[in-house]
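The following exercises treat one protein model and are to be worked through with the sequence and the coordinates at hand. Each task is followed by a solution in steps.

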Amino acid sequence: MIKELPKLNYAFDDLEPYIDAQTVEVHYTKHHQTYLDKLTVAITGTSLENLELEDILKSPNSIEENIRTAVLNNGGGVYNHNLFWSVVGPAEGKTPEGELLEKINEGFGSFDTFKEQFTQSALSLFGSGWTWLVQEKDGKLKIINTQNQATPLAEGYKPLLALDVWEHAYYLKYQNRRADYITNWWNVVNWDNVSKKLA
Ligand code: MN3
């Protein structure tokens with residue numbers, strides 16, 4: 001089990017002007033850190049302590065019932081944010097290439113259509129949650145939403161790209177303008193890192 005959050009490969013202000021430095025700092029050092037702190041409390045002294053987080057989240061029903069909700073909420077919070085931070089970085093104006101682009105074209109027709117469908121999915125999410133590009137067991141790509149801190153792992157998917165659509169991810173800069181947040185977030189997606197997550 002992880003004891004510390006993975007370090008960010010960029011500075012808090014490196015996602016400006018699309019995601020502001022204050023949001024990145026609060027989101028990472030407070031929200032993300034709090035999920036890890038609460039997960040640690042929940043699993044300390046239990047059989048989960050020495051397992052990998054990903055393995056725990058893949059089989060929710062094997063978590064002892066008295067800590068299951070705490071582990072899924074906070075472990076999901078840790079895992080989802082780890083993935084979220086790992087697929088963004090300073091804007092470089094790149095787009096998907098190679099195998100990732102082929103799979104996007106295969107699944108959605110074109111990169112533009114994929115972006116439209118992903119954006120619509122994120123806009124349609126009611127309440128707090130996440131929008132994902134995931135890979136199915138047969139290798140195909142799919143867009144899904146999850147509520148709160150639920151992870152695609154529990155549904156057997158391999159997550160490739162994650163967009164946090166909790167208000168804490170954008171409220172300081174965008175207030176209620178979720179659509180503007182999503183439009184700007186595309187600029188900081190690191191497609192090389194998304195590609196590396198393909199099975
Ligand atoms: Mn968040």
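**Exercise 1. The two domains**

How far apart do the C-alpha centres of domain 1 and domain 2 lie? Describe also the contact between domain 1 and domain 2.

*Solution.*

Step 1. The model is predicted: local features require pLDDT of at least 70 and side-chain atom pairs count only at pLDDT 80 or more, while totals for chains, interfaces and linings use all residues. Residues are numbered from 1 along each chain as its sequence is written, and side-chain values use heavy atoms, with hydrogens and water left out.

Step 2. The chain is divided into domain 1, residues 20–86, and domain 2, residues 98–196; these bounds come from an automatic or database domain assignment. The C-alpha centres of domain 1 and domain 2 are 20 Å apart.

Step 3. Domain 1 gives 20 residues to the contact and domain 2 gives 22 residues, where contact means heavy atoms within 4.5 Å.

Step 4. About 1600 Å² is buried between domain 1 and domain 2, and carbon and sulfur atoms give 64% of this area. Buried area is the accessible area (1.4 Å probe) that two parts lose on being put together, summed over both. On the side of domain 1, the residues that lose the most area to domain 2 are Asn80, Leu83 and Phe84, together 33% of what that side buries.

Step 5. Zero salt bridges are found across the interface of domain 1 and domain 2. A salt bridge here is a side-chain nitrogen of Lys or Arg within 4 Å of a carboxyl oxygen of Asp or Glu.

**Exercise 2. The manganese site**

Identify the residues that coordinate the manganese ion, and place His27 and His168 in the fold.

*Solution.*

Step 1. The manganese ion is coordinated at 1.9 to 2.2 Å by NE2 of His27, NE2 of His81, OD of Asp164 and NE2 of His168. Donors are N, O and S atoms within 2.8 Å of the metal (3.2 Å for Na, K and Ca); water is not among the atoms, so sites may look incomplete.

Step 2. Along the chain, the donors of the manganese ion have the spacing H-x53-H-x82-D-x3-H. His27 belongs to helix α1 (residues 21–43) and His168 to the loop between β3 (158–164) and α6 (171–174), so the pair ties together parts that are 141 residues apart in sequence. Helices (H or I, at least four residues) and strands (E, at least two) are DSSP runs, numbered from the N terminus.

Step 3. His27 is buried, with a relative accessible area of 1%, and His168 is buried at 18%. Buried means under 20% relative accessible area, exposed over 50%, and partly exposed in between (1.4 Å probe, protein chains only).

Step 4. Neighbours within four places in sequence are left aside here. Among the contacts of His27 are His81, Phe84, Trp85 and Asp164. His168 is in contact with Thr23, His27, His31, Tyr35 and His81.

Step 5. In an unreviewed UniProt entry, the annotation "binding site" covers His27, His81, Asp164 and His168. These residues are spread over 142 residues of sequence, yet they cluster in space, with a largest C-alpha distance of 12.2 Å. UniProt positions are given in the numbering used here, feature names are shortened, and annotations may be inferred rather than shown by experiment.

**Exercise 3. Charged side chains**

How many salt bridges does the rule count? State the accessibility of the partners in the pairs Glu92–Lys94 and Asp180–Arg177.

*Solution.*

Step 1. The count comes to five salt bridges.

Step 2. One of them joins the side chains of Glu4 and Lys7 at 3.9 Å, N to O; both Glu4 and Lys7 are exposed.

Step 3. Glu92 forms a salt bridge with Lys94, with the closest N and O atoms 3.9 Å apart. Glu92 counts as exposed at 54% relative accessibility, whereas Lys94 counts as partly exposed at 41%. A network of salt bridges links Glu92, Lys94 and Asp192.

Step 4. Asp180 and Arg177 meet in a salt bridge of 3.4 Å, N to O. Asp180 is partly exposed, with a relative accessible area of 34%, and Arg177 is partly exposed at 37% relative accessibility.
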